[in-house]
Amino acid sequence: MSLTTRTLLLVLLALVPALAIQGYNEYALRGTRDEAVRADALATARVVALNLRHLAGGIEQALDLVAEDPTVRTRDHEACTAYLKRAVARIPHLLLLALARPDGPVICNSLGSAPGSYTNGERDYHRRALAEGGFVVGTYARGSATGKASVHFARPLLAEDGTALGVLTAAIDLGWLADYLQPALRMESTATTLTGRDGLILVRRPDDAGWVGRPIASESLAKLDAQGEGVRIDDAYDGRERVIAQVLPDGVLQGMRVIVGRDRDLAFADVDQATRRGLILIALGAALAVAAALVAGRAFIRRPFERLDRAAAAWNVGELDVRTGLRGSSEFGRLGARLDAMAAALQRHDANLREEIERGREMQARQVTMLHELNHRVKNTLATVQSLIRQSAREGTGRAEELEARILALSKTHDLLTRDDWNGAPLREVLGNEIGAYRTAGERFVVGGPDVELPPRHVLALGMALHELATNAAKYGALSKPAGQVRVGWEVVLGESGTSHLRLDWVEAGGPPVVVPKHRGFGTRLISMCIGRELGGVAHIDFAPEGLRCTIEVPMDDTAGIMLSPHLVQGRAVPAPRAAD
């Protein structure tokens with residue numbers, strides 16, 4: 001991949017955050033707008049339903065007042081007609097007020113129609129008012145007297161004994177009703193539909209022509225029934241996607257539907273416009289950035305890079321006299337000057353470096369040879385000592401085997417030191433070297449303490465002491481029983497003189513009862529000698545009946561490395577146990 005291609009990719013990569021931000025803004029904005037449009041559609045439908053409920057309540061009050069007038073209750077045609085005309089004049093949104101007999105023929109109305117000139121007996125609202133005995137709202141109907149598309153409100157006219165004297169009816173022009181509900185539609189992209197109990201359309205805004213009096217399509221009606229009161233997104237009759245909210249009024253308006261729809265494309269028009277504008281700006285910015293990268297990249301990046309590349313290729317084949325020739329305060333200029341100075345220094349020191357490398361290799365080889373020779377010689381010495389011990393113990397086989405084990409433990413500790421060129425060894429490895437042979441299934445040993453790096457002298461002395469403790473535990477102590485356990489813990493403390501001391505506790509439990517020996521054995525004397533004479537420390541051994549306890553305290557050299565963070569053994573932290581003095 002060429003440098004120019006990399007530069008262009010870098011420019012395009014720099015545009016990724018802008019595209020990501022644009023995409024996130026688009027997603028968030030559309031989500032917010034979708035919630036707002038849904039909420040607005042549902043709120044608009046509820047406002048329309050509330051206005052319709054207020055209108056019905058006002059007409060119900062008007063019919064109640066009309067029903068109390070004596071001229072209406074006497075059902076006198078002339079007096080009743082005169083009163084209804086005056087009442088309609090005071091309530092201009094009423095198209096008609098009428099009183100009909102229970103069987104349907106009209107008695108009087110506000111238009112002055114002759115008695116019996118038409119009948120309401122077959123009208124749904126007339127029959128329901130008599131059957132329910134209260135205020136009802138009808139559905140779409142074309143008025144017999146007015147000839148206009150109307151919706152009727154009716155209530156029975158009852159005598160004092162509860163018998164029906166007639167039915168009072170108030171008619172509302174559907175065109176006026178559409179204008180009355182129009183202010184609730186705050187946005188131009190909002191349409192509303194009001195249907196009656198039978199599903200016929202009463203109001204359709206803004207395009208009501210040809211829709212009033214028609215039923216809703218069965219497919220749309222099924223979706224509305226399944227939706228119930230709420231909001232959904234669906235395709236409208238014209239194929240455009242709309243947000244459709246439906247409210248189902250209760251009470252006297254029960255059975256009617258208020259449906260509000262918003263054109264989703266119009267609702268998101270400003271969002272789409274902002275998206276297009278953002279994409280155009282990003283595209284223009286990307287084009288300018290690519291052009292600038294092609295022009296400026298060649299002059300300021302590609303040419304200096306080619307000079308550096310040629311110089312590096314020459315240095316790679318050993319031509320250290322080649323120079324970049326780049327100068328100046330720019331990054332490439334400073335880099336070229338430093339590389340030229342580096343090449344000159346390499347040229348001066350090349351010969352000396354090769355000589356130093358050769359000498360170093362020779363010294364390393366001699367050192368490895370010496371270490372292997374030292375290891376070999378010491379092992380030979382230990383083998384000789386082992387052989388002498390065997391010969392000197394012909395009369396006491398058990399004693400000789402014990403001495404042999406001690407010499408082998410010393411040899412294993414010696415191997416630890418040899419591995420690290422006699423620089424020391426970790427206390428944890430020294431302990432593991434001595435107790436490794438006794439670790440069987442289960443938790444025979446519980447070990448815990450900080451990481452401590454021991455000097456060579458401490459490694460040998462503590463190794464012998466720990467060997468004696470482990471051997472004694474295996475023969476007579478806790479490790480001689482299957483349920484026995486040994487807890488080993490240590491810590492580094494600061495003494496009163498300001499020097500650090502290592503304190504190690506060996507605690508046995510679960511073994512046979514401990515009996516205090518009548519005289520000090522060789523192992524006890526060996527521990528005291530290793531700790532006291534070799535390290536200047538103190539070893540306290542307590543032959544407690546429940547298990548032997550040994551506490552070792554030795555001063556530490558300043559060169560000993562100590563990490564005071566606790567170490568986990570067998571999956572849990574183990575506190576350092578305390579042995580009795």
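Me: Which residues make up strand 1 and strand 5, and how many bridges join them?
Reply: To read a pair of strands, look at how many bridges link them and at the directions in which they run. In this predicted model, strand 1 covers residues 96-100 and strand 5 covers residues 164-173, and the two are joined by 5 bridges while running antiparallel. To follow one bridge by eye, start at Leu99, whose bridge partner in strand 5 is Leu168.

Me: Which helix packs on the sheet here, and which strands does it touch?
Reply: Helix 4, residues 124-132, packs on the sheet and touches strand 1, strand 3, strand 4 (149-158) and strand 5. The direction of helix 4 makes about 165 degrees with that of strand 3. Another element to find is helix 3, residues 77-90, which lies across strand 1 and strand 2 and runs at about 45 degrees to strand 2.

Me: In what order do the strands of this sheet stand?
Reply: The order along a sheet is read from neighbour to neighbour, and it need not follow the numbering of the strands. Here 5 strands form an open sheet in the order 2-1-5-4-3, with antiparallel pairing. Strand 2 (106-109) and strand 3 (136-142) stand at the edges with a single partner strand each, so one side of each has no neighbour in the sheet. On average, neighbouring strands of this sheet are turned by 25 degrees against each other, when direction is ignored.

Me: What is the order of the strands in the sheet that contains strand 12, and what is its pairing?
Reply: That sheet is open as well, and its 5 strands have the order 12-14-15-17-16, but the pairing is mixed. Its edge strands are strand 12 (445-448) and strand 16 (538-544), each of which pairs on one side only. For this sheet the average turn between neighbouring strands, direction ignored, is 10 degrees.

Me: How many bridges join strand 14 to strand 15, and how many join strand 15 to strand 17?
Reply: Strand 14 (residues 485-494) and strand 15 (residues 500-509) run antiparallel and are joined by 10 bridges, and one place to begin tracing them is Gln485, whose partner in strand 15 is Ala509. Strand 15 is also joined to strand 17 by 7 bridges, again in an antiparallel arrangement, and here His501 has Pro555 of strand 17 as its bridge partner.

Me: How many residues lie between strand 16 and strand 17 in their hairpin?
Reply: A hairpin can be read by following the chain out of one strand and into its partner. Strand 16 and strand 17 form a hairpin with 2 residues between them, and these antiparallel strands are joined by 7 bridges. Ala544 of strand 16 has Gly547 of strand 17 as its bridge partner.

Me: Which strands does helix 12 lie across?
Reply: Helix 12 lies across strand 15 and strand 17 (547-555), and it runs at about 10 degrees to strand 15. Helix 13 packs on the sheet too, touching strand 16 and strand 17, and its direction makes about 155 degrees with that of strand 16.

Me: At what angle do helix 12 and helix 13 cross, and within what distance do their axes come?
Reply: A pair of helices is read from the distance between the axes, the angle and the handedness of the crossing. The axes of helix 12 (residues 456-475) and helix 13 (residues 522-534) come within 9 Å and cross at roughly 160 degrees. The two helices are therefore roughly antiparallel to each other, as angles over 145 degrees count as such. The crossing is left-handed. Among the residues that meet are Leu462, Ala465 and Leu469 in helix 12 and Leu526, Ile527 and Ile531 in helix 13. By class, this contact has 9 nonpolar, 1 polar and 3 charged residues.

Me: At what angle do helix 11 and helix 12 pack?
Reply: Helix 11 (residues 427-435) packs against helix 12 at an angle of about 35 degrees, with the axes 9 Å apart, and the crossing is right-handed. The contact includes Val430 and Leu431 of helix 11 and Leu462 and Leu466 of helix 12. Its residues divide into 8 nonpolar, 2 polar and 1 charged.

Me: What is the mean pLDDT of the chain?
Reply: The mean pLDDT is 80, and 84% of the residues reach 70 or more. Over residues 394-398, however, the pLDDT is below 50, and this stretch has 0 contacts beyond near neighbours in sequence. Residues 559-581 also stay under 50, although the model has 50 contacts for them beyond four places in sequence. Where pLDDT is low, the predicted coordinates should not be read in detail.

Conventions. Residues are numbered from 1 along each chain as its sequence is written. This is a predicted model: local features need pLDDT of at least 70, side-chain atom pairs count only at pLDDT 80 or more; totals for chains, interfaces and linings use all residues. Side-chain values use heavy atoms; hydrogens and water are left out. Two strands pair if DSSP finds at least two bridges between them. Helices (H or I, at least four residues) and strands (E, at least two) are DSSP runs, numbered from the N terminus. Axes are lines fitted to C-alpha atoms, for helices over the stretch in contact, and angles run from 0 to 180 degrees between N-to-C directions. Contact means heavy atoms within 4.5 Å. pLDDT is the predictor's confidence in each residue, from 0 to 100. Angles under 35 degrees count as roughly parallel, over 145 as roughly antiparallel, 65 to 115 as roughly perpendicular and the rest as oblique. A crossing is left-handed if the near helix is turned anticlockwise from the far one by less than a right angle, and right-handed if clockwise. Ala, Val, Leu, Ile, Met, Phe, Trp, Tyr, Cys and Pro count as nonpolar, Asp, Glu, Lys and Arg as charged, and the others, Gly among them, as polar.
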